[in-house]
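Visitor: I'd like to learn how to read a structure like this one. Could you walk me through it, feature by feature?

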Amino acid sequence: MLRLDGMSCGYGDFRAVTDLSLEVREGSIFALIGANGAGKSSTILAIAGHVALQGGGITFENQEISTLPARRRVHLGIAIAPEGRQLFPDLTVRENLIVGGMIHDRKAEAENIERVLGLFPRLGERLTQLAGSLSGGEQQMLAIGRALMAQPKFLMIDEVSLGLMPAMVDVCYNAIAALRQEGITVLLVEQSTQRALDIADDVCVLESGRTVWQGTAAEARDDPSLTAAYLGLSD
Amino acid sequence: MTELALLVQGLLDGSIYALIAVGLTLVYGLLRILHVAHAALFTLGGYVGVVVTNETGSFILALVAAMIVAGIAGMIIYRLVYQPILHLPPYVALIASIGLFIAMQEGFRFYDEQGVSYVNPPVQGTLELAGQTLQLAKIVTFFVAIILIGGLGLLAAKTRTGVAWRATVTMPAMAESFGINIIQVRYINFFIGSALAAVAGVMVSLTTNLVEPTSGDVWSYKALAIIVLGGLGSMRGTLIACFALGVLEAFATTTCVPLGNIQICLGEIMNRDAIAFAFLVIVLMIRPQGLFVRA
């Protein structure tokens, strides 16, 4: 569904990601794993159109999208729940959801809000509350819900579990599993590798902007040198 | 002269500040630019208002024409002056804005150095309130401001376009991720802000019956100080600051306080503009971030 071919990206003269190639299969969950500063967030921001490419290309459903403006990519079915959630703090929960579904009409908007509230019932109790006043877990739910309002085929979620209580992490990961059941392809960026490996089909490990390992999640779990060296996991 | 009359007078003047300052806040909120050239759009509105009224005899038509002309001029300013330098530090846009302001003033001077006046000034007359004479034009200005700014507030709060606009002001890149055309939002922003400045220019011209190249200067300098006072980018703070300043001016210019055996009347020592700026300077010295800080 999504392919990166030798993609490099960065900010001005700074190169955050170098020569990254990967393919995300339709209907799968792909985990992009690495330490802070590895280039994970830059990668998904480049896919969303917010970070300039410095080389290589991005193909989505056989269409080259490297030069497509960010606002056009959501029309193709690409949505993002970014690092730090980046909600609109002065807007209510409902208004944040409305922004997420801005490319669809009012009828679809109402249906999509119902769908998001079905996935995250707690947001239903907060609809008129300002997004900035939500707890961390609720903000993460809203960030994912806002992205779902665009009816994406391909959803990118950055640091799902960062700063959340375990119960909230469960809620978010259960939602991601449910999205896979609906056929949505997910690109997951995580530092918390255990949860990501548990749910992902495929994994790419980044270090200092370069790929150090790529394969299936099962292979990653079975590779002791990998889990010890890069994933911070050990038996 | 009662306190009520002074309060009303202050609110009427505050509504003019509001018409000007809302546009400045819109631009600052979205682009983080102090749009000094806004003063020239105030003046442009005044010129169009007087000229069209004199030519057609219709003040309403003149008001609409002023809004459209200034609105389009605002969009052109965004496209030609600000958009190419948005990636540069904010002071670059500020300097460009000051330069544009001076250039537009010279343009007005080229058109008519002496200024223009109404042949048959519309919306004239006065009303008496508790011994205070209120100009009908100021009362009309107040209601026009309430309708326009109130309508803008409703648009922002109740419509999808308004929600998209507020989202863009808060986080343009995220708004763009969800398909919002932020360039279009900027154009709309400049159109609305400039049109409101034009309304202020036309309404002020009713009370002065004169529009000259420097007509907008003092109003706009005050409006710039007001948006700082209100907390840069905060619409609520800006509106409160506008009406607070109007009321303060009304009271400060007419009220005397006893000091020993003598009466100190501020209005006899300083004119209203000097009082306003003194107040703004003092408040900003105490609270440089403004009264209301934007989230």
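Visitor: Let's start with Cys204(A): is it buried or exposed?

Guide: Keep in mind that this is a predicted model, so everything we say is about computed values. The idea is to look at how much of a residue's surface stays accessible, and under 20% counts as buried. Cys204(A) has a relative accessibility of 0%, so it is buried.

Visitor: Which cysteine sulfur is closest to that of Cys204(A), and how far away is it?

Guide: The closest one belongs to Cys9(A), and it is 12 Å away. A disulfide needs two cysteine sulfurs within 2.5 Å. That is why 12 Å is too far for a bond here.

Visitor: How many disulfides are there over all chains, then?

Guide: Just one disulfide over all chains. Cys256(B) and Cys265(B) form it, with sulfur atoms 1.7 Å apart. You can also read the twist of such a link: the angle about the S-S bond is 110 degrees, and the link of Cys256(B) and Cys265(B) is right-handed.

Visitor: How accessible are the two partners, Cys256(B) and Cys265(B)?

Guide: Cys256(B) is partly exposed at 32% relative accessibility, whereas Cys265(B) is buried with 11%. While we're on chain B, Cys242(B) is buried too, with a relative accessible area of 0%.

Visitor: Now the surface. Which residues make the nonpolar patch?

Guide: Try picking out nonpolar side chains on the surface. Here Ile60(B), Val64(B), Ile68(B), Ile72(B), Ile76(B) and Leu80(B) make a patch of about 560 Å². Take Ile68(B) as an example: you'll find it in helix 3 of chain B, residues 59–82. Its relative accessible area is 41%, so Ile68(B) counts as partly exposed.

Visitor: What about holes inside? How many cavities of 30 Å³ or more are there?

Guide: A search of the whole structure turns up one. The largest cavity has a volume of about 50 Å³. To read a cavity, ask who lines it: among the lining residues are Ala48(A), Arg73(A), Met156(A) and, from the other chain, Ser177(B). Helix 2 (70–76) and strand 6 (78–81) of chain A each supply at least two residues of that lining.

Visitor: And the second largest pocket: how much space lies in it?

Guide: About 360 Å³. Its lining has 24 residues, and Val204(B), Thr207(B), Thr208(B), Ser215(B) and Trp219(B) lie nearest the centre.

Visitor: Which helix of chain B gives the most to that lining?

Guide: Helix 8, with five residues. Several helices of chain B supply at least two residues each, including helix 1 (3–31), helix 9 (217–229) and helix 12 (272–286).

Visitor: One last thing, the backbone. Which residues have a positive phi without being glycine?

Guide: When you read phi, check its sign and then the residue type. Asp19(A) has a positive phi of about 50 degrees although it isn't a glycine, and its place is in strand 2 of chain A, residues 14–24. Glu159(A) is another non-glycine residue with a positive phi, near 50 degrees.

Visitor: Where does Glu159(A) lie?

Guide: In the loop between strand 7 (154–158) and helix 7 (166–181) of chain A. With 4% relative accessibility, Glu159(A) counts as buried.

Note on methods. Residues numbered from 1 in each chain as written. Chains lettered and ligands numbered in written order. Predicted model: local features only at pLDDT ≥ 70, side-chain atom pairs only at ≥ 80, totals over all residues. Heavy atoms only, no water. Buried < 20%, exposed > 50% of the residue type's maximum accessible area, 1.4 Å probe, protein only. Patch = residues over 30% accessible without salt bridge, like charges linked within 9 Å, V, L, I, M, F, W, Y side chains within 5 Å. Areas by Shrake-Rupley, 256 points an atom, 1.4 Å probe, with all protein chains shown as cover. Salt bridge = Lys/Arg side-chain N within 4 Å of Asp/Glu carboxyl O. Helix = DSSP H or I, 4+ residues; strand = E, 2+ residues; numbered from the N terminus. 1 Å grid on protein atoms, 1.4 Å probe; cavity = no way out; pocket = protein on both sides within 12 Å on 5 of 7 lines; lining within 4 Å. Points joined across faces, edges and corners; volume = space filled by probe spheres on them.
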